[in-house]
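Hello,

Please find the structure below. My notes on it follow.

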Amino acid sequence: MNKKRYIFIWVFVCLLILASGVAVGQKTQNAALAEPVVVSPADKAAIDAFEKQVKSYIELCNKVRANVPKLSTDSTPEQIHAYRTTLVNSIGSARPNAKRGEFFRPETADFIRRTLKTEFQGKDRQELRETIFETETQGVVLRVNYPYAQSAELSEMPATLLTKLPQLPKELRYRFVGRNMLLVDRESDVIIDYMPDALP
Amino acid sequence: MRRTHTHRLLFALLISAILFTPAYAQRLNAPSPPLKLTLPLKDGSVRFAVIGDTGSGTAQQREVGDMMIKYHALFPFDFVLMMGDNMYGGEAPQDFENKFAQPYRALLDNKVKFYATLGNHDQALQVNYENFNMNGKEYYRFTKGNIAFYSLNSNYMDKKQVKWLEDELGRETAAWKVMFFHHPPYSSAKAHGSDGQLREVVEPIFLKYGVDVVLTGHDHVYERIKPQKGIYYFVSGAGGKLRSGDVDKQSGIIDKSYDRDLHFMLFEVAGDQMYFQAISRTGETIDSGVITRK
């Protein structure tokens, strides 16, 4: 009888340890996935500076677009091609001295890197990271004012990440090329800025 | 010199052996299966086709287009939903012709409308293309009969798009709610598979507002996913590119799959019934069935 009770207690204790281990493991993983990025006053200032820069770009772009024949919503391929070419050249001309780091300043880059590090934790996010690395981006020249190569694939921007990054106006897009994060003009696909080694 | 002759002779023998094997001859001479329509052709029904990952510009893509026009004669569908990757490897004017207009010329000439969504190989300005009917928008909604169709941009599901989707679904009055976009929230395919992070964001919205059917592409196969939390998911990503043998049949999430050839789909909605038929490039019916709206 005593022996049976002894075995029962041991089995019970083992199950308890196992269950608590699983629960802790799950909690750790969930916590890692759900962990919000802490936004300090310094981060807030960095985000504000980034948004101010974005706003000034949009103002500049609106002036550029005002001088480019408007593209209708039922355009021919030739019209689309001509519009894109004109836009690429006009944006380049409007920002002749543009250089890397104007938008992704060190403080903004630091905030974004921390956000990415938090977002890309966990097994499923590891797979997502691999998917981004597998994106066929051959032909993309990482240079400000250069258009993103038309033949290259676009990496999908993770929906969960986009909810945590500063929201961009419809004219701009975040995009990954390998570990680098790009800021791209949506219509012309011109690279406005980029941040090397953004992904952990 | 003698060696070159020997090589030529061996090469000729090898080619002859391949050409005259029964399997190859059978493939060359294989008659197409007779066209078989499983859809009921009910009066007043909404009829449409679905194609995905089409823009390769290959002979096979054109053959799918040819088969679609043959079925159009049997089943006159009014419009086609495109699941994205409408153009691979460049978007010069000639690409629009080779990878879209030419393969589907007969359908376009028959006034069949195409509604596109953007894939990971598509440039943003496709939204302005006259034949894609996107009205300059990356995500949009339109209705046909008692169905509301939502085309989403799954490349870039930002807060703004999520809000738009919630707002639109919140005031939706159509009986059927059908989503179509590129990346599949559920897929068994080995190349890409389920897009977990996209699912994390959109699935709660689909459930909250009673979405019925989700149509996607990206994986170059056909998959009818087992209903997930009451929603029917299809992957139709082999309209122009095929990843042969890519389906993971052991995944446990598929009801029916096909990864041996290109395909397209036909749908007919009549009242609370949605009939579907998946057809291969050669005209073989690879899946069919009916979904009843709850």
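**Chain B: hairpin and sheet**

In chain B, strand E4 (residues 140–144) and strand E5 (residues 147–151) pair in the antiparallel sense over 5 bridges. A word on terms: helices (H or I, at least four residues) and strands (E, at least two) are DSSP runs, numbered from the N terminus. Two strands pair if DSSP finds at least two bridges between them.

This is a predicted model: local features need pLDDT of at least 70, side-chain atom pairs count only at pLDDT 80 or more, and totals for chains, interfaces and linings use all residues. Residues are numbered from 1 along each chain as its sequence is written, while chains are lettered from A and ligands numbered from 1 in the order in which they are written.

Back to the hairpin. Tyr140(B) sits opposite Ser151(B) of E5(B). The turn between E4(B) and E5(B) has 2 residues. Gly145(B), in that turn, has a positive phi of about 55°.

The hairpin strands belong to an open sheet of 7 strands in chain B, ordered E4-E5-E6-E7-E9-E8-E10. Pairing in the sheet is mixed. At the edges are E4 and strand E10 (254–258) of chain B, each paired on one side only. Neighbouring strands are turned by 15° against each other on average, direction ignored. (Axes are lines fitted to C-alpha atoms, for helices over the stretch in contact; angles run from 0 to 180 degrees between N-to-C directions.) E8(B) and strand E9 (residues 232–236) of chain B run antiparallel, joined by 3 bridges. Phe234(B) in E9(B) is the bridge partner of Arg224(B).

**Chain B: overall and two loops**

Chain B has 7 helices and 13 strands. Of its 294 residues, 46% are buried. Buried means 20 or more other C-beta atoms within 10 Å of the residue's own, exposed means 12 or fewer, and partly exposed is in between; C-beta atoms are placed from the backbone.

Two loop residues other than glycine have positive phi: Lys111(B), near 65°, and His218(B), near 75°. Lys111(B) is in the loop between helix H5 (105–109) and strand E3 (113–115) of chain B. It counts as exposed, because it has 8 C-beta neighbours inside 10 Å. His218(B) is in the loop between strand E7 (213–216) and strand E8 (222–225) of chain B. It is buried, because 27 other C-beta atoms lie within 10 Å.

**Chain A: helix H2 and Pro169**

Helix H2 (residues 41–66) of chain A has 26 residues. From first C-alpha to last it reaches 37 Å, close to the 38 Å expected at 1.5 Å a residue. That expected span is 1.5 Å times one less than the number of residues. Ala46(A), Phe50(A), Val54(A), Tyr57(A) and Cys61(A) are buried in H2(A). The buried residues of H2(A) pack against helix H4 (106–119), strand E1 (172–177) and strand E3 (191–195) of chain A.

Pro169(A) lies in the loop between H6 and E1 of chain A. Leaving aside neighbours within four places in sequence, Pro169(A) is in contact (C-beta atoms, placed from the backbone, within 7 Å) with Val54(A) and Ile58(A). Pro169(A) is partly exposed, with 13 other C-beta atoms within 10 Å.

**Where A meets B**

Here 29 residues of chain A are in contact with 29 residues of chain B. On the chain A side, helix H3 (77–94), helix H5 (123–134) and helix H6 (159–162) each supply at least two residues. H3(A) gives the most, with 5 residues.

Best wishes

How values were computed:
Two residues are in contact if their C-beta atoms, placed from the backbone, lie within 7 Å.
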